[in-house]
Amino acid sequence: MEEQLIGIMGAIPQEIDGIIAILQDKTATTIGNRTYYQGLLGKQQVVVVYSRIGKVAASATASALLLHFRVSEIIFIGVAGGIAPHIEVGDVVIAKDLIQYDMDVSPLRPKYEIPLLNKTYFETSAMRSNQVKQHIESFLDPAVLHTKIASDELKKFAIDQPKVYVGTIASGDQFFSTDIQKENLQQALPQVLCVEMEGAAVAQICYEYQVPCSVIRTISDKANQEASFSFESFVQKISQVYGQEIIEKLFQ
Ligand code: SAH
C-alpha cells in the first residue's frame, strides 16, 4: 500500500516554523513561490508549508498539496481573531465547519453560498478534530502550559486558564481591527467563534477534492481595535509553541 502523506499548512512562517524545526529527514521543494518541507513527524510522512495570507494564497497552496504531493488529508494550523464574546486570547478554536463571510452573490443566490457548489458551510473531519481536541486540552492545562511558555509571557496576554472550543470559523480577505467589523460579523453570523483569512478556502478545496480537512486556530487577538498590536506580539512570542505542541503530539 502506498504510504499516506499528510499536508500541514499555516498562513505565515510564525505559525509553522516550530513544526518545520522538528521534522526529521527533511527535504524542501519550491513550487509557485511556496516552499514545501517534506519529512517525518514520528512515523508519519508530512509536508509542511506556509501559504501566505488570504483565501487565494491558501487555495493555491492547498491545490499544490493535493495535486503535486497527493496528500490524503490537510491540517491547517494558525492564529485567528476572537469573535464570540467568551473567546479569549490563548484559547484554541477547532473548526466544526467554516464559512466565507465575504462571499455574496445575492440576490442571485443566498448570501454566503458558494456559487455552483450550492454550499455555504464546509465541514471538517470529526475524527481528526476530536483527536486534536484531546491533545490541546492536555497542553492547555496550566501545569503543562507554564512549562512550555514563560509565565511572564502568559501574563502579558492575560492567558490564565485557556480553553478549547469546537464551532464555526469565518474566513475572508480582511484583517479585523475595528469594533465595527467585529460587531457586523457578530450580527450577521452570531454562531461564529473566530475570524481568519484562509480556513474556509482550504476547506472548500478539500471538499471539492474529497479529502478530509481540519482547521485549528489559536486566538491571537480579539478582532477589535487592539488586534494589530496583540496579533504582532502573539505571533512573535507564542503561536510557534502552540503550533509545535499541538502537531507534535498528534504524531507521537
Ligand atoms: N503580519 C502580516 C499580516 C497578518 S494578517 C503582514 O504584515 O503581512 C493576519 C493573519 O492571521 C491571517 O493569516 C489571518 O488568518 C490571521 N488572523 C489573526 N487575527 C486576525 C484578525 N483579527 N482578522 C483576520 N485575520 C486574523
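The following questions and answers take up burial, strand pairing, ligand contacts and backbone geometry in this predicted model.

Q: What makes strand β1 mostly covered?
A: In strand β1, which comprises residues 6–10, 5 of its 5 residues are buried, where buried means under 20% relative accessible area. The cover extends to both faces, since I6, I8 and G10 on one side and G7 and M9 on the other are all buried. In a regular strand the side chains alternate between the two faces of the sheet.

Q: How do you know that β1 pairs with β4 and with β5?
A: Two strands pair if at least two bridges are found between them. β1 is joined to strand β4 (residues 44–50) by 5 bridges, and to strand β5 (residues 73–82) by 4 bridges, so both pairs meet the criterion of at least two. In each case the strands run parallel. As for individual positions, M9 has V49 as its bridge partner in β4, while I8 stands opposite I75 in β5.

Q: What makes β10 a partner of β5 and of β6, and in which directions do the strands run?
A: There are 8 bridges between β5 and β10, which run parallel, and 3 bridges between strand β6 (residues 92–100) and β10, which run antiparallel; both counts satisfy the requirement of at least two bridges, and therefore both count as pairs. I74 has C213 as its bridge partner in β10, and I94 stands opposite I216 in β10. β10 is also mostly covered, with 9 of its 9 residues buried.

Q: How do you know that the length of helix α9 agrees with its number of residues?
A: Helix α9 (residues 239–250) has 12 residues, which at 1.5 Å a residue should span 16 Å, and because its end C-alpha atoms are 17 Å apart, the two values agree. The expected span is taken as 1.5 Å times one less than the number of residues. The buried residues of this helix are S239, Y242, G243, E245, I246, I247 and L250. An α-helix has 3.6 residues a turn, so residues three or four places apart point the same way.

Q: Why are the approaches of F176, R217 and D221 to the ligand called polar contacts?
A: A polar contact is a pair of N or O atoms within 3.5 Å. A backbone N or O atom of F176 lies 2.9 Å from a nitrogen atom of the ligand, a polar side-chain atom of R217 lies 3.4 Å from an oxygen atom of the ligand, and a polar side-chain atom of D221 lies 2.7 Å from a ligand nitrogen atom; each of these distances therefore falls within the 3.5 Å limit. Taken alone the ligand exposes 570 Å², and the protein buries 79% of that. The elements that give two or more residues to the shell around the ligand are β5, β9 (192–196), β10 (213–221) and α8 (227–237).

Q: What makes up the shell around the ligand by class?
A: The shell has 10 nonpolar, 3 polar and 5 charged residues. In total 18 residues surround the ligand, and the closest are F176, M197, E198, D221 and F231.

Q: Why is F157 called buried, E208 partly exposed and Q210 exposed?
A: F157 has a relative accessible area of 13%, and is therefore buried, the limit being under 20%. E208, at 43%, is partly exposed, because partly exposed covers values between the buried limit and the exposed limit of over 50%. Q210, at 73%, exceeds that upper limit and is therefore exposed. F157 is placed in the loop between α5 (151–156) and β8 (164–171), E208 lies in helix α7 (residues 199–209), and Q210 is found in the loop between α7 and β10.

Q: What makes the backbone at R52, Q210 and the bond between S106 and P107 worth checking against the general pattern?
A: Most residues other than glycine have a negative phi, and most peptide bonds are trans. R52, however, has a positive phi of about 80° although it is not a glycine, and Q210 likewise has a positive phi, of about 55°, without being a glycine. R52 is found in the loop between β4 and α2 (55–67). The peptide bond joining S106 and P107 is cis, with omega about 5°, and P107 lies in the loop between β6 and β7 (121–123).

Key: Residues numbered from 1 in each chain as written. Predicted model: local features only at pLDDT ≥ 70, side-chain atom pairs only at ≥ 80, totals over all residues. Heavy atoms only, no water. Buried < 20%, exposed > 50% of the residue type's maximum accessible area, 1.4 Å probe, protein only. Near = heavy atom within 4 Å. Polar contact = N/O pair within 3.5 Å; in protein donor to acceptor, adjacent residues only side chain to side chain. Areas by Shrake-Rupley, 256 points an atom, 1.4 Å probe, with all protein chains shown as cover. Nonpolar A, V, L, I, M, F, W, Y, C, P; charged D, E, K, R; others polar.
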